[in-house]
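Trainee: I'm new to this one, so please walk me through it.

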Amino acid sequence: MASDTDIQQLEAAALKDLDAASDIAALEEWRVGYLGRKGRLTGLLRGLSSLSIEERRTVGRAANELKERLEEAHEARRHAVEEARVEQVIVGERRDVTLPGPPLPRGRLHPITQTMRDIVASLSGMGFQVAEGPEIEWDRYNFEALRIPQDHPARDMWDTLWIDYEKDGRRPMLMRTHTSPNQIRVMEQREPPIRIIVPGKCYRFEATDATHEWMLTQVEGLAVDEGISLADLKGTLAEFARQMFGRDRKVGFRCDYFPFVEPGMECRIDCFICRGDGCRTCHHSGWIEILGAGMVHPEILANAGYDPERYTGFAFGMGVERIAMLRYGVDDIRHFYSNDLRFLRQF
Ligand code: DAH
């Protein structure tokens, strides 16, 4: 049997439960529990049938009014819960725009590039201009014009990668084995005074080992003018060697043979590891060879159309990998091009 007291009790219980419902699911459960077809308020209304008509009217009205209040309360609560949820999502997704960004890995220059830049900076500081030439070269520039004729034993100094060039068998092509052909290319195009350096990749038909690669980087140098002497060569290369390896380096020259220079020589520095006492790096000689050089052979000047009575010149050529190995203490040339990041990250 339903009465006013029942209604009051039901209202108090319903509002208390509603207050405790803190999310959408709990609210829905509450709605079904109180206002649903099998809910507690519906049950109470059903009980009205046992009342007198008079009672049925008053209690019935009170129950209907309660139903409206509960629906309103439910609606208000639902609204509040919804709003709190949205607020929570917004706070949760807020981004702190003042946070520093994730660090980007920083790249670095390859050790050969770094060494090349230092070499070029040193020599251009002494007035040498950078010139470049092709990596695929004619036999004529790579060998013939440099006084290395076919079948001459000097060819053995440069194991060569030949390129099949069927159209014209008389002008064989190759991957240049050194940067020296650019001496000829430059002299063909310019008149003295000439002061150039030629940086570039060279290729050799070579079994690789700790000191040989099939690809290498060289820098060639050439100076031609009136009155250039061996003293200019020595002064230039001594200054270069000291800029690269330290001001207190001793610099020495020793006879060597290259077909395109006369006299030919190697330039060497005192071993900066053992300071001359003898160690593995200098093969216990106290000296380290850093490049080849010499006075440009008069025949080469004449072939370029220069008067060898009037002009003289010096030339030099160095392997950048060798210089880098010495500077950084790298014991195997193959490290430079095997792309092992553990090696490259050290520079
Ligand atoms: N081209 C030589 C080589 O690859 C290096 C060289 C030696 C270059 C003496 C020169 C030079 O210009 O004068 O072994």
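Mentor: First, a bit of vocabulary: helices (H or I, at least four residues) and strands (E, at least two) are DSSP runs, numbered from the N terminus. This is a predicted model, where local features need pLDDT of at least 70 and side-chain atom pairs pLDDT 80 or more, while totals for chains, interfaces and linings use all residues. Residues are numbered from 1 along each chain, and side-chain values use heavy atoms, without hydrogens and water.

Trainee: What is the radius of gyration of the chain?
Mentor: The chain has 11 helices and 10 strands. It is more spread out than a compact globule, because the globule rule (2.2 Å times the number of residues to the power 0.38, for a radius taken over C-alpha atoms) gives 20 Å for 347 residues, and the value here is well over that. Along the principal axes, the C-alpha trace spans about 140 × 55 × 35 Å. The radius of gyration is 46 Å.

Trainee: Where does Arg147, with its positive phi, lie?
Mentor: Most residues other than glycine have a negative phi. Arg147 isn't a glycine, yet its phi is about 65°. Look in the loop between helix H6 (139–142) and strand S3 (162–163).

Trainee: Which residue does a cis peptide bond join to Pro192?
Mentor: Most peptide bonds are trans. Glu262 to Pro263 is a cis one, with omega near -5°, and Pro263 is in strand S8 (residues 261–270). For Pro192, omega is about 5°, and its partner sits in the loop between helix H7 (181–189) and strand S5 (194–203). That partner is Pro193.

Trainee: How many residues surround the ligand?
Mentor: Being near means having a heavy atom within 4 Å. The closest are His178, Ser180, Arg204, Gln218 and Glu220. By class, the shell has seven nonpolar, seven polar and two charged residues (Asp, Glu, Lys and Arg count as charged, Ala, Val, Leu, Ile, Met, Phe, Trp, Tyr, Cys and Pro as nonpolar, the others as polar). The count is 16.

Trainee: How much of the ligand's accessible area does the protein cover?
Mentor: Start with the polar contacts (N or O pairs within 3.5 Å): a polar side-chain atom of Ser180 is 2.9 Å from a ligand nitrogen. Ligand oxygen atoms lie 2.6 Å from a side-chain N or O atom of Glu220 and 3.3 Å from a polar backbone atom of Phe316. Of the 350 Å² that the ligand has on its own (Shrake-Rupley method, 1.4 Å probe), the protein covers 92%.

Terms used:
Polar contact = N/O pair within 3.5 Å; in protein donor to acceptor, adjacent residues only side chain to side chain.
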